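Me: Please give me a close look at a single part of this model, namely the protein surface that meets the DNA, and set it in the context of the chains that form it.

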Protein chains: 2
Amino acid sequence: MSRTLFTLFDRKQLAPMQHAPSGPPGPTPSAGTGPRGTTPRERARGAMIDDVITVARRQLGEVGAAGLSVRSVTRELGISPSAVYRYFASRDHILTALLVEGYSRLGAAVTDADDALPPDRVTTRWHRVWHSTRDWAVANPHEYALLYGTPVIGYAAPPETVEPATRVVVRLAEILFHAARRGLLTERLDLSDPAPTAGLRADAEALMATIRELGVAVPDDLDPADPLRVVNAWSELFGAISFELFGHYVRSITRHAEHLDTLAAASARQVGLPEQD
Amino acid sequence: MSRTLFTLFDRKQLAPMQHAPSGPPGPTPSAGTGPRGTTPRERARGAMIDDVITVARRQLGEVGAAGLSVRSVTRELGISPSAVYRYFASRDHILTALLVEGYSRLGAAVTDADDALPPDRVTTRWHRVWHSTRDWAVANPHEYALLYGTPVIGYAAPPETVEPATRVVVRLAEILFHAARRGLLTERLDLSDPAPTAGLRADAEALMATIRELGVAVPDDLDPADPLRVVNAWSELFGAISFELFGHYVRSITRHAEHLDTLAAASARQVGLPEQD
DNA sequence: TCCATTCTGTGAACAGTGTTCTCTGTTGCG
DNA sequence: CGCAACAGAGAACACTGTTCACAGAATGGA
């Protein structure tokens, strides 16, 4: 019960591929919404996969992940329940696809909102990331719950989820790094001394390496605690949104947008962003 | 889709009481683990309710809320599946009981840990609340997920959940108020200016009234932003724990205890607790 | 003590679920 | 054209939560 909490089901292979039992497990052309295949069959297959996901996402928005029924999806699509198993190995694989899509949609909403601002207005950008994240969550509560609520996927989150899942925090890091590069940062309120322990500094370094791998330009003279500050802002943001959506603010906070504003301002100050820009 | 998100099912009456169809809906003596009734029947009924909850909680710890099956519970108890409906109107009512019990158990773990410390060691107490909360969550991940993950209960959280659910944040407030009363607070790092908006100040006042109703002694000269600071610490704490348990720290934080320590220290500084005590 | 009332538990049944398997066409490629 | 790969249908299995009619037991008042 230590590492793999929430492992309800064992992992499975992804695609059924009935009459192609073993073969080289190479590139499975069945799943994913990747480059639409050229042959008519591959195009039809891709279209079917898209249809399933589209309908499933609509129903997810209405009944939530727990209430999502593959039979209901197939009814709406006018196909038999078993047909969907040509495209998804299980209900969990459909949910996984929705998970990946959800992370992408949230990430797109946030980066689009941020991209509409001048890059140097770092504090405004910081606030906009916070608010656009919340706006998306409020507009898509069930989808948000799928991403940041109780994990419902048995097997460990598949690799294709990790990149989309990091988009919001990476954008926060980008804003901070951009501000550092432009010399816009003020003195940080030193909430984080005593300095991070050796272990945490190691975490921060590994995190920086990951961020670099994602193609983000990292300043050389970065405060080693800055990645941790970004991560803390990130979890603070999602902690507040989850509390709002999951009902834990019921007897306390009612002005959620204003409240998030003060949180964003405080975290901006903690990472050293200027008051105004 | 605005107020009652996640309302999957309609609300229902709580107790079945088959042959007592209407009658005065007065005090329903069936549910709850309240004062064990004196008559043999009431005692047997209470024991049965306790047995169901005990077994359900054990299975919850193994398979999680989504995997909890009333048939499986009845199998383990050696009764027929329909028998449990004499005691709980639905599966959701069992989960509600587990919810209330979970809040109580978490609250007890935290307050017990805090009570073992001298009251004036406010900073140490603050840290202990943070860590004992996390310790309980790590030890009871599925139960934690039931409390703070995606809501699974259809109807709005019943009234009996709100008091137990507030115990951790109320304890945080008590520590801060105690420190204020003893003159132990330092200058706050003023992260929260500009001062809270009128709306948020109204939220803070209502929150104070609620806290007073719970019997907590509130100093008269309290900084009006202090309740908001406590709430922010609260959501920061649970945001970090949820991120850890739900797997969002996978590629960043690995030293979770150390990380929570820095978060607790920073939040202690934000609310004005002394460095050492 | 007897009896009607109330409660408790059972077993069958219903509607629904995810998933598998067998079978029948259809499609595409060599 | 013919054969292999695929796509879909439909029945079936093993579950699930819940309801209902029924039988037995405890209870409390006459």
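Reply: The account below begins with the two DNA strands and then turns to the protein chains behind them.

The model is predicted. DNA strand C is surrounded by 25 residues, and the closest are A:Arg71, B:Ser80, B:Ser82, B:Arg86 and B:Tyr87. Both protein chains are thus represented in that closest group. Of the atoms of DNA strand C that come within 4 Å of the protein, 45% belong to sugar and phosphate.

Three polar approaches to DNA strand C may be described individually. The side chain of B:Ser82 places an N or O atom 2.6 Å from a base oxygen of DNA strand C. From chain A, the side chain of A:Arg41 has an N or O atom 2.8 Å from a base oxygen of this strand. At A:Arg91 the backbone is involved: one of its N or O atoms lies 2.7 Å from a phosphate oxygen of DNA strand C.

In terms of secondary structure, α1 and α2 (70-77) of chain A, together with α1 (40-67) of chain B, each supply at least two residues of the surface near DNA strand C. The element that gives the most is α2(A), with 3 residues. By class, this surface has 8 nonpolar, 8 polar and 9 charged residues.

DNA strand D has 26 residues around it, of which A:Ser80, A:Ser82, A:Arg86, A:Tyr87 and B:Arg71 come nearest. Sugar or phosphate accounts for 48% of the atoms of DNA strand D within 4 Å of the protein, and the rest belong to bases.

On DNA strand D, a polar side-chain atom of A:Arg86 lies 2.4 Å from a base oxygen. Chain B approaches the phosphates of this strand. The side chain of B:Tyr85 has an N or O atom 2.6 Å from a phosphate oxygen of DNA strand D, while for an N or O atom in the side chain of B:Ser69 the separation from a phosphate oxygen of this strand is 3.4 Å.

The elements that give two or more residues to the surface near DNA strand D are α1 of chain A together with α1 and α2 (70-77) of chain B. Here α2(B) gives the most, with 3 residues. The class division of this surface is 9 nonpolar, 8 polar and 9 charged residues.

The relation between the chains comes next. A turn of 180 degrees, with a shift of 0.0 Å along the axis, lays chain A on chain B with an RMSD of 0.0 Å. This is the relation of a two-fold axis. The same surface serves both copies, since 100% of the contact residues of chain A recur in chain B. Among the residues of chain A, A:Gly239 comes closest to the rotation axis, its C-alpha lying at 1.9 Å.

The contact between the protein chains involves 54 residues of chain A and 54 residues of chain B. Together the chains bury about 4,900 Å² between them, with 66% of that area on carbon and sulfur atoms. There are 13 residue pairs in polar contact between chain A and chain B, counted where both residues have pLDDT 80 or more. On the side of chain A that touches chain B, α1 (40-67), α5 (141-148), α8 (198-213), α9 (226-245) and α10 (256-271) each supply at least two residues. The helix α9(A) gives the most to this side, with 11 residues. By class, the side of chain A that touches chain B has 29 nonpolar, 17 polar and 8 charged residues. Helix α1 of chain A therefore appears in two settings, as a contributor to the side that touches chain B and to the surface near DNA strand C.

Salt bridges complete the description. Across the interface of chain A and chain B there are 2 salt bridges. In a salt bridge between the chains, the side chains of A:Arg255 and B:Asp203 meet at 2.7 Å, N to O. Over all chains, the whole structure has 32 salt bridges. One of them lies within chain A, where A:Arg57 and A:Glu101 bring their closest N and O atoms to 2.8 Å apart. Because A:Arg57 lies in helix α1 of chain A and A:Glu101 in helix α3 (residues 91-115) of chain A, this pair ties together parts that are 44 residues apart in sequence.

Terms used. Residues are numbered from 1 along each chain as its sequence is written. Chains are lettered from A and ligands numbered from 1 in the order in which they are written. This is a predicted model: local features need pLDDT of at least 70, side-chain atom pairs count only at pLDDT 80 or more; totals for chains, interfaces and linings use all residues. Side-chain values use heavy atoms; hydrogens and water are left out. Contact means heavy atoms within 4.5 Å. Buried area is the accessible area (1.4 Å probe) that two parts lose on being put together, summed over both. A salt bridge is a side-chain nitrogen of Lys or Arg within 4 Å of a carboxyl oxygen of Asp or Glu. A polar contact is a pair of N or O atoms within 3.5 Å; within protein, one must be able to donate a hydrogen and the other to accept it, and residues adjacent in sequence count only if both atoms are side-chain atoms. Helices (H or I, at least four residues) and strands (E, at least two) are DSSP runs, numbered from the N terminus. Ala, Val, Leu, Ile, Met, Phe, Trp, Tyr, Cys and Pro count as nonpolar, Asp, Glu, Lys and Arg as charged, and the others, Gly among them, as polar. A residue is near a molecule or strand if one of its heavy atoms lies within 4 Å of it. Copies are superposed by least squares on the C-alpha atoms of residues with pLDDT of at least 70 in both.
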